[in-house]
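Reader: I am new to this structure and would like a close look at a single part of it. Please take one helix pair and its surroundings, and explain the terms along the way.

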Amino acid sequence: MKGEKDNKFHAPGTLVLAFIFLGFFIALYFINWVMLSGTWAVR
Amino acid sequence: MNITQESAFRTCSVTGLRVHLPAQKLIITNAVAAVVFLLIGGILALLIALTRWEVVQLLPADLYYRFLSVHGTVMLVFWIVFFEVAGLYFGGTVLLNARLLRPGLGWFAFVLMLAGAVMSTLVTFAGGADIMFTAYVPLKAHPLFYLGVILFAVGALLAVGLFLATVIVAKKEKRYTGSVPLVTYGLIAAAIIAVFTLVSGAIVFVPAFLWSLGIISSFDPGAYRVLFWAFGHPAQQINLSAMVAVWYALATLTTGAKPVNEKLSRFAFLLYILFINLGSVHHLMVDPALSQANRIFNTSYFFYLAVLGSLIHAYSIPAGVEVAQRAKGYAKGLFQWLVKAPWKEPGFAALAVSFVIFGFIGGTSGVIQGMQVNMIAHNTLRIPGHFHATVVGGTTLAFMGLAYYLIPLMTRRQLVGKAWASAQPYIYGVGVTMLSLGMLWSGILGVPRRTYDIAASSAGVAAPAYAGSDVTLAIMGVGAVIAVIGGAIFVGIAVLTLLTGKKMK
């Protein structure tokens, strides 16, 4: 039983926060290039 | 007083921590010096931001560049390093139940640092060093500017050495058993990075000093840039390591959190020591002094191992808080632990706000733009937007949060204005967020950094319009005003506590 308890995932909320951060980073990365392409357009 | 005797210690009636009295004096003195420089830098920050906000443009051009030069050095070096020295003495003595090895050396180091900081600041205010934070040669400042920075760097180096020696002797004297606490471990990592940084600072400013005196005829700008960036950016990596150590301390102090995997957290600090300084090479991306392979490896591969360290801390700290909160019974659903967190506790508020600003704005912008985008973004306001999120929103706010506990513990005075202290991290956080986002967005629109007048109205040429920058610069300006108000609240609380706080036993 002790082993079963130890295997329990203790911080599920933090894992969700980590994925929110990942999503934010991915969105920011692409927004970054889109906006930069507007400012420094190759003409 | 015999500093090795037990009579040289007192025990805090609230925390049970034992405080070495000679160390206590040095901690208070260094922290007071730090707050004074924070005040100076904060006033200048307001004036500079209200000048960069084109609609206001408060200062004339000469004063703007002068104040920007002082602001950079005062905030990025003097405020932070004085506070870090106070933190090192705290982590090396109070957290280890140990004595400060040579208090006299600590005072000598403080005098050198203070003399250097005052000299450098006054010379720049007097117009002797309008050369910005980077001080790139062949821009030449008055010799006393360089001498001031050298004295400060040598003093800080002595303080770091004293901290490391104190930790080693504490182990020999069996003041603690096993490994040092994680917070002290993080401070040791910061100290090791500091040794590299400060030695580099001395190496670059000594020849610059001799060149300014005319003793050597020239100083190769390429060599200067390489050496300077072994000092300039690594100085911020000391902040990073110290800030993360403070985050762990605040998490424990306010929620009882413990790292979910302490060995992994220690490994993450090791990654900082080994790799974080290599990121400095991004300042030299177009510099012919370095090979292409050097630039690519340091900025595109090795640096990300340090980012991995930050990601480990970024998970470990909130996970530690979550585990501690769930153990208290806040275990409902995914986020009850977070909703029920002590949001009104100044330390937790400072931890949470600085953590979010550093991670979501400073960290992401640094990783995205610091390397690949660097080639087109480096001379825009994006870069100040990044480092105001990391150093001001992250490090400075974390240090403020620690100060709310450090000041009562060291001075034995009750914190004045606890309600203000609870609100201060949020006010400051809103201001810094607006400031940083305003800068980042302006930079994306192409607005140059440092430049007094982006319209180039006196140059007689057609400058780019930077469409939309009137809005983004206004966000920056309003954010700066709010952040300065938040900073002023912190300084007010610190000073009033020191002078009028109710005495505790």
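Author: What follows describes one helix pair, then the chain that holds it.

This is a predicted model, in which local features need pLDDT of at least 70 and side-chain atom pairs count only at pLDDT 80 or more, while totals for chains, interfaces and linings use all residues. Residues are numbered from 1 along each chain as its sequence is written, and chains are lettered from A and ligands numbered from 1 in the order in which they are written.

The pair is helix 7 (residues 234-255) and helix 13 (residues 382-411) of chain B, whose axes lie 9 Å apart at an angle of about 40°. Helices here are DSSP runs of H or I with at least four residues, strands are runs of E with at least two, and both are numbered from the N terminus. Axes are lines fitted to C-alpha atoms, for helices over the stretch in contact, and angles run from 0 to 180 degrees between N-to-C directions. Helix 7 of chain B is therefore oblique to helix 13 of chain B; angles under 35 degrees count as roughly parallel, over 145 as roughly antiparallel, 65 to 115 as roughly perpendicular and the rest as oblique. The crossing of the two helices is left-handed, meaning that the near helix is turned anticlockwise from the far one by less than a right angle, with clockwise giving right-handed.

Helix 7 of chain B contributes residues including Met243(B), Trp247(B) and Leu250(B) to the contact, and helix 13 of chain B contributes, among others, Gly394(B), Ala398(B) and Tyr405(B). Two residues are in contact if their C-beta atoms, placed from the backbone, lie within 7 Å. By class, this contact has 12 nonpolar, six polar and no charged residues. Ala, Val, Leu, Ile, Met, Phe, Trp, Tyr, Cys and Pro count as nonpolar, Asp, Glu, Lys and Arg as charged, and the others, Gly among them, as polar.

The surrounding chain B has 15 helices and two strands. Buried residues, those with 20 or more other C-beta atoms within 10 Å of their own (exposed: 12 or fewer; partly exposed: in between), make up 55% of its 505 residues. Of the contacts in chain B between residues at least 6 apart in sequence, 83% join residues at least 24 apart. The C-alpha trace of chain B spans about 70 × 60 × 50 Å along its principal axes.

Chain B also meets chain A: 18 residues of chain A are in contact with 19 residues of chain B. On the side of chain A that touches chain B, 13 residues are nonpolar, five are polar and none is charged.
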